[in-house]
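Welcome! Here are a few short exercises to work through with the structure in front of you. Try each task before you read its solution.

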Amino acid sequence: MKLGIIGTGYVGLVSGVCFAENGNDVICMDVDEKKIEKLKTGDPVIYEPQLAELLTKNIEEGRVTFSTSLKDVVQQSDVIFLCLPTPPFEDGSVDLTRVLDVSQKMAKYINGYKVIVSKSTVPVGTCAKIKQIISKGTKKKFDVVSNPEFLKEGAAVSDFMSPDRVVVGTGSAKAGEIMRELYSSFMRVSERFILMDERSSELTKYAANSMLALRISFMNELANLSERVKADIHMVRVGVGSDPRIGNSFLFPGIGYGGSCFPKDVKGLIKTAEEYEYDFKILKTIDEINIKQKTILVDKLLKHFKGNIKGKIFTVWGLSYKPRTDDLREAPSLTIIERLLNAGAKVNACDPAANENFKLLYGNKFKGVKLFKDNYSALKNSDGLILVTEWTEFRRIDIDKMKKLMKTKVVFDGRNIYNPKLLKAAGFKYYGIGR
Ligand code: NAD
């Protein structure tokens with residue numbers, strides 16, 4: 001099929017390249033000219049495992065091309081995916097400006113039947129709005145389809161190539177069949193194509209992310225209680241997760257969820273509920289717990305140093321909001337670093353993929369942060385290690401090396417990845433979450 005992608009970011013680029021890999025002709029469009037120039041050379045711009053190799057391969061084999069022209073992408077494609085940002089406004093409601101602007105602009109280029117697909121996460125009723133806007137600008141036939149994306153950053157390519165499910169919302173039998181055909185090559189082993197109406201599909205995406213956020217916030221609350229009652233959340237998690245009705249995934253306590261999706265989608269769903277005059281209490285609580293949880297590690301650190309950390313050096317391992325991505329959106333590291341700097345401390349930081357992004361986006365704001373390529377170099381003369389993101393690189397530690405490098409032997413483990421007994425035996429003070 002001839003496919004167009006509008007917005008070539010984490011979702012757009014991965015979708016475009018994976019569709020191309022499965023034999024489709026894909027044209028990816030973005031307003032960011034520099035990004036498009038880099039993409040043409042095979043530089044994926046973002047860090048995502050397997051993406052660079054697939055991108056280069058599909059450029060070389062001529063299945064994926066890049067453009068800044070909205071006209072080209074609309075006219076040369078039969079199915080057009082909107083993969084545009086839908087960030088939150090200050091009050092938590094969803095900013096649909098880009099999605100609705102592009103919809104209005106693309107109408108005049110429609111030169112035959114098109115399926116226009118919202119892959120962006122959008123509130124219930126947005127596909128209907130897109131349809132209305134495009135109808136005003138064209139007499140040609142088209143359908144608007146909701147197809148929320150469920151890929152996870154850090155495993156985006158494998159998630160896209162072998163999806164757990166593909167949710168498609170449309171009232172059009174023709175568009176539904178085109179979407180089924182398009183995705184059939186991604187589900188040869190078993191059918192995971194779920195067809196529904198647009199509004200249910202739009203809500204499904206918010207429901208899934210909110211449910212996952214709920215599990216995390218629940219476990220974080222349980223961890224905080226666990227500490228107070230002197231239980232070990234690690235054992236509680238194992239005990240609880242072994243019930244097949246509950247399952248083991250998404251039960252890890254930590255320092256709050258981040259990223260471009262969970263925080264904004266929980267807030268977005270709260271806003272939708274408010275619009276329909278429904279008081280969705282549990283959602284508000286999930287969000288409140290998460291905001292509080294992002295501060296918990298620095299609270300422990302301040303208590304340890306009796307409130308005085310002026311002039312001390314702390315080492316932050318991990319800046320991205322989770323391992324295997326360079327994405328810093330809503331990352332707990334930002335809250336932690338801001339508080340440390342505000343209290344007069346200095347920060348040495350190291351991330352396997354996000355150092356460059358950090359320099360670019362926060363270099364000016366967080367001037368007191370020194371970035372290191374090597375995580376041990378960042379520990380020299382340190383008054384404490386703060387483990388923020390559980391990259392594999394940080395899981396195995398050389399305790400003897402740490403002892404020699406660090407000035408103060410204390411570890412604040414935001415992801416419970418270290419063995420407290422080993423650290424304590426080596427003379428370290430250890431703080432985890434809920435243990
Ligand atoms: P992103 O910021 O990585 O990418 C968006 C791209 O759109 C950028 O390259 C930007 O330059 C481009 N863009 C902005 N305005 C444009 C315009 N007018 N015309 C053309 N291009 C334009 O965003 P993302 O993380 O890929 O998210 C996109 C959507 O997918 C959001 O709604 C998000 O909630 C949803 N989503 C994201 C993820 C994820 O893990 N990142 C997962 C599922 C769903």
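Buried area is the accessible area, taken with a 1.4 Å probe, that two parts lose on being put together, summed over both. Keep in mind that this is a predicted model.

**Exercise 1. Finding the domains**

Task: Where does each domain of the chain begin and end?

Solution: Walk along the chain with the domain assignment in hand. Domain 1 covers 2–196, domain 2 covers 205–293 and domain 3 covers 296–431. Next, take the C-alpha centres of domain 1 and domain 2: they are 29 Å apart.

**Exercise 2. Describing the interface**

Task: Work out how much area domain 1 and domain 2 bury between them, and which three residues supply the most on the side of domain 1.

Solution: Begin with the contacts, counting heavy atoms within 4.5 Å. On this basis, 15 residues of domain 1 touch ten residues of domain 2. Now turn to the area: the two domains bury about 1000 Å² between them, with 63% of it on carbon and sulfur atoms. Finally, look at who contributes: G92, T121 and F150 give 37% of the area that domain 1 buries against domain 2, more than any other three residues.

**Exercise 3. Charges and polar contacts**

Task: How many salt bridges does the rule find across the interface of domain 1 and domain 2?

Solution: The rule asks for a side-chain nitrogen of Lys or Arg within 4 Å of a carboxyl oxygen of Asp or Glu. Across this interface it finds one salt bridge. For the pair D91 and K271, which form a salt bridge, the closest N and O atoms are 4.0 Å apart. Add the polar contacts, and you get two residue pairs between domain 1 and domain 2. The residues of domain 1 that touch domain 2 comprise seven nonpolar, four polar and four charged ones.

**Exercise 4. Around the ligand**

Task: Which residues come nearest to the ligand?

Solution: There are 27 residues around the ligand, and D30, K35, T86, E153 and K264 come nearest. Now check some atom pairs:

- The side chain of D30 has an N or O atom 2.6 Å from an oxygen atom of the ligand.
- For the side chain of R329, the distance from an N or O atom to a ligand oxygen atom is 3.0 Å.
- V31 places a backbone N or O atom 3.5 Å from a nitrogen atom of the ligand.

Last step: the ligand taken alone exposes 830 Å², and the protein buries 88% of that.

Methods: Residues are numbered from 1 along each chain as its sequence is written. This is a predicted model: local features need pLDDT of at least 70, side-chain atom pairs count only at pLDDT 80 or more; totals for chains, interfaces and linings use all residues. Side-chain values use heavy atoms; hydrogens and water are left out. Domain bounds come from an automatic or database domain assignment. A polar contact is a pair of N or O atoms within 3.5 Å; within protein, one must be able to donate a hydrogen and the other to accept it, and residues adjacent in sequence count only if both atoms are side-chain atoms. Ala, Val, Leu, Ile, Met, Phe, Trp, Tyr, Cys and Pro count as nonpolar, Asp, Glu, Lys and Arg as charged, and the others, Gly among them, as polar. A residue is near a molecule or strand if one of its heavy atoms lies within 4 Å of it. Accessible areas come from the Shrake-Rupley method with a 1.4 Å probe; for residues, only the protein chains shown count as cover.
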